[in-house]
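Good morning, colleagues. I would like to take you through one protein model, with attention to how its helices pack.

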Amino acid sequence: MFKSKAFFAAAAPIKLLASLVWLCFSCNSAPTQEPDKAAAPATTSPDTAYAAALPAPALADAATILARRQVPVLCYHQIREWQPSDSEAAKAYIVPPARFQEQLQLLADSGYHTILPDQLLAYLTTGAPLPPKPIMLTFDDTNLSQYTVAAPELERHGYKGVFFIMTVSLGRPRYMSRAQVKELAQAGHVIGSHTWDHQNVKKYQPQDWITQIEKPTRQLEEITGTPITYFAYPFGLWNPAAIPELKSRGMAAAFQLAGKPDEQEPLYTIRRIIASGYWSPQSLHQNMVNSFD
Ligand SMILES: [Zn+2]
């Protein structure tokens, strides 16, 4: 049975708390406790009482979050061959499959581990440990090649990604279908919200928050059967007024592009860089180091 929006809005902090509880267990508790069992409360309704019975961990303030070492977050769009009609500028957003393959191979050979937003949030807010050489791989705009080319390549390396879906495109030619988005979620990738039709949040009128955020997010929750608590700003553009709007609609964090994070709200201005189609694996790595270290 599909749960209400109010449940999911309330579930965002509970989900965070539940993952923190899990992390506490994984650090401190009996070695006989299997991760599956420890994590189980996060997916069943009694977790509210379970989490409430434990003292809430202190969450880091903005300055502490900003002082932590950044995790590199890459942003991809299309994974396909360049066509003669592609402009020079567009080619930055189009990574040929062989290049994508060699970029991922370099990450794997260099010992990078993909992490998902829940892990990033736990790290930023509590200092929870991450795997060695953490990295997050994100995919914007619903392009079909993310399902047909990128996802199998991620799987080959045991990697998981985050797919920020623009819902207007679902089921259109060259875009993912609802069933494909659901399949990605079921395979352990994370589905995030990227508005209905990619309008700049800085220009929203009150009604736009419903059209661009509430309804598309609800649709993604119906498709995946899971809460949607992460958002990527179209064009990477944001302003401070957008942040309370996202919070009130259940978003636990939001991703921009390479701009400076907000000093008060770093979790709603997490940085990413576009992994360019022009970049060899070595220049990808160099750009990651330059931007995030
Ligand atoms: Zn986009």
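I shall begin with the overall content and then turn to two helix pairs.

This is a predicted model, in which local features need pLDDT of at least 70 and side-chain atom pairs count only at pLDDT 80 or more, while totals for chains, interfaces and linings use all residues. Residues are numbered from 1 along each chain as its sequence is written.

The protein has eleven helices and eight strands, taken as DSSP runs numbered from the N terminus (helices H or I, at least four residues; strands E, at least two). Of its 293 residues, 38% are buried, that is, with 20 or more other C-beta atoms within 10 Å of their own, the C-beta atoms being placed from the backbone.

Now to helix α5, residues 97–109. How does α5 lie against helix α7, residues 145–156? Their axes, lines fitted to C-alpha atoms over the stretch in contact, come within 11 Å and cross at roughly 20 degrees. The two helices are therefore roughly parallel, a term for angles under 35 degrees between N-to-C directions. On the α5 side, Pro 97, Phe 100, Gln 101 and Leu 104 meet Val 149, Ala 150 and Glu 153 of α7; contact here requires C-beta atoms within 7 Å.

With helix α11, residues 281–292, α5 packs at an angle of about 55 degrees, the axes being 9 Å apart. This pair is therefore oblique, meaning an angle outside the ranges under 35, over 145 and 65 to 115 degrees. Glu 102, Gln 103 and Leu 106 of α5 make the contact with Pro 281, Leu 284 and His 285 of α11.

Notes. A residue is buried if 20 or more other C-beta atoms lie within 10 Å of its own, exposed if 12 or fewer, and partly exposed in between; C-beta atoms are placed from the backbone. Axes are lines fitted to C-alpha atoms, for helices over the stretch in contact, and angles run from 0 to 180 degrees between N-to-C directions. Two residues are in contact if their C-beta atoms, placed from the backbone, lie within 7 Å.
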